[in-house]
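Colleague: Please take a close look at the pockets in this model. I want to know what lines them and what lies in the cores.

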Amino acid sequence: MKKPVKNLDISTLARSMLFHGMTETEIFSALDALQAKEVAYAKGAAILHAGELTDHMGMVLTGSVTIESVDIWGNRTILALLNAGEFFAEVYALLSEILLVDVKAVEDCRILFFYPGGVEERNEIWTLKLFRNFLNISARKNLAFSGRSFHTAPKTARGRIMAYLNTVSLQRHSRKFSIPFDRQQMADYLNLDRAALSKELGKMRDDGLIAFRKNQFELKTDK
C-alpha cells in the first residue's frame, strides 16, 4: 500500500496518541480511510475559523498552534497551545458542530488533516483501536480544558498566576520548569491584561514567591 501523504514519517505517527497500539500496516489503512492530507501554514496564519463547520480534525506535525476564542470586540482568550503530536477539532469533526474557536499558527507549521467520517463504513480490527484512541484524545482534551477553568477561577491576577504555575509544577514534578507561553500568550490564557500580568509577576518576585527569566520559572516556598 502506498503512503497517502508524500514523505510522511510513519514512525512519528506510530508514537502519536491517535495511532497508539496500531501496526504499520494498520496505520497505512487508517490514513487511507481518513483521507489524510498535509498542509503547511506560515506563522500567524488562520487554520480554522470560529463560526464555520469542519469535517476534518488536525494533527500538528511540526511547529505549534493556539486554540483561541476571540469575541466580537476583539478580546482574545487562549484556550490551549498545541505542539507537535497534538490534535485539534476532533470533536467538531465527529459531531459536525459549528466551530466556537479559532485555530492559528504560532509559527510556521505543518498540519496533517484527517476525515473521521471516512472510517464509519470500515469493519476492521484497526477501527476499534482508532475509535478507542479518539476517545482517549477527547478525554484528555476535556481534562486540559477543565484544568484551565481552575486557573481562571480566582478573581485576582496573583491567584490566577499561582494556580497556573502550581499546576505546571505538579505536572513536571519540579519547582523549576518552563512554560509554553510568552507573556502575551500567558496573559491571554489567564484572561489578564499583559501589563497587569507583568506587574503582578514582578510583585510576586519581590515578595519571594517566585523567580523567573522569560518563560523559565521557579516556585519559592520560603515565604
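Modeller: What follows covers the two pockets and then the nonpolar cores. Keep in mind that the model is predicted.

Start with the largest pocket. About 800 Å³ of space lies within the largest pocket. Its lining counts 26 residues. Nearest the centre are Ala80, Leu81, Glu86, Ala144 and Gln171. Three elements each give this lining at least two residues: β5 (76-83), α4 (125-152) and α5 (157-172). The largest share is that of α4, with nine residues. By class, 15 of the lining residues are nonpolar, six are polar and five are charged.

Now the second largest pocket. Its volume is about 260 Å³. Here 16 residues form the lining, and Ile67, Tyr92, Val101, Lys141 and Phe145 lie nearest the centre. At least two residues each come from β5, α3 (90-95) and α4. The lining holds 13 nonpolar residues, one polar residue and two charged residues.

Next, the cores. The largest nonpolar core has 25 residues. Those touching the most other members are Leu13, Leu18, Phe19, Leu31, Leu112, Phe114 and Leu130. Two or more residues of this core come from each of α1 (10-14), α2 (24-33), β3 (57-62), β8 (109-114) and α4. The largest share, five residues, belongs to α2. Another core lies apart from this one. That other core has 23 residues, including Tyr189, Leu197, Leu201 and Phe212.

One element recurs. Helix α4 supplies residues to the lining of the largest pocket, to that of the second largest pocket and to the largest nonpolar core.

Technical notes
Residues are numbered from 1 along each chain as its sequence is written. This is a predicted model: local features need pLDDT of at least 70, side-chain atom pairs count only at pLDDT 80 or more; totals for chains, interfaces and linings use all residues. Side-chain values use heavy atoms; hydrogens and water are left out. On a 1 Å grid over the protein atoms alone, a cavity is a set of points where a 1.4 Å probe fits but cannot get out, and a pocket is an open set with protein on both sides within 12 Å along at least five of seven lines; lining residues have an atom within 4 Å of a point. Grid points are joined across faces, edges and corners, and a volume is the space filled by probe spheres set on the points. Helices (H or I, at least four residues) and strands (E, at least two) are DSSP runs, numbered from the N terminus. Ala, Val, Leu, Ile, Met, Phe, Trp, Tyr, Cys and Pro count as nonpolar, Asp, Glu, Lys and Arg as charged, and the others, Gly among them, as polar. A nonpolar core is a set of buried Ala, Val, Leu, Ile, Met, Phe, Trp, Tyr and Cys residues joined through side-chain atoms within 4.5 Å. Buried means under 20% relative accessible area, exposed over 50%, partly exposed in between (1.4 Å probe, protein chains only).
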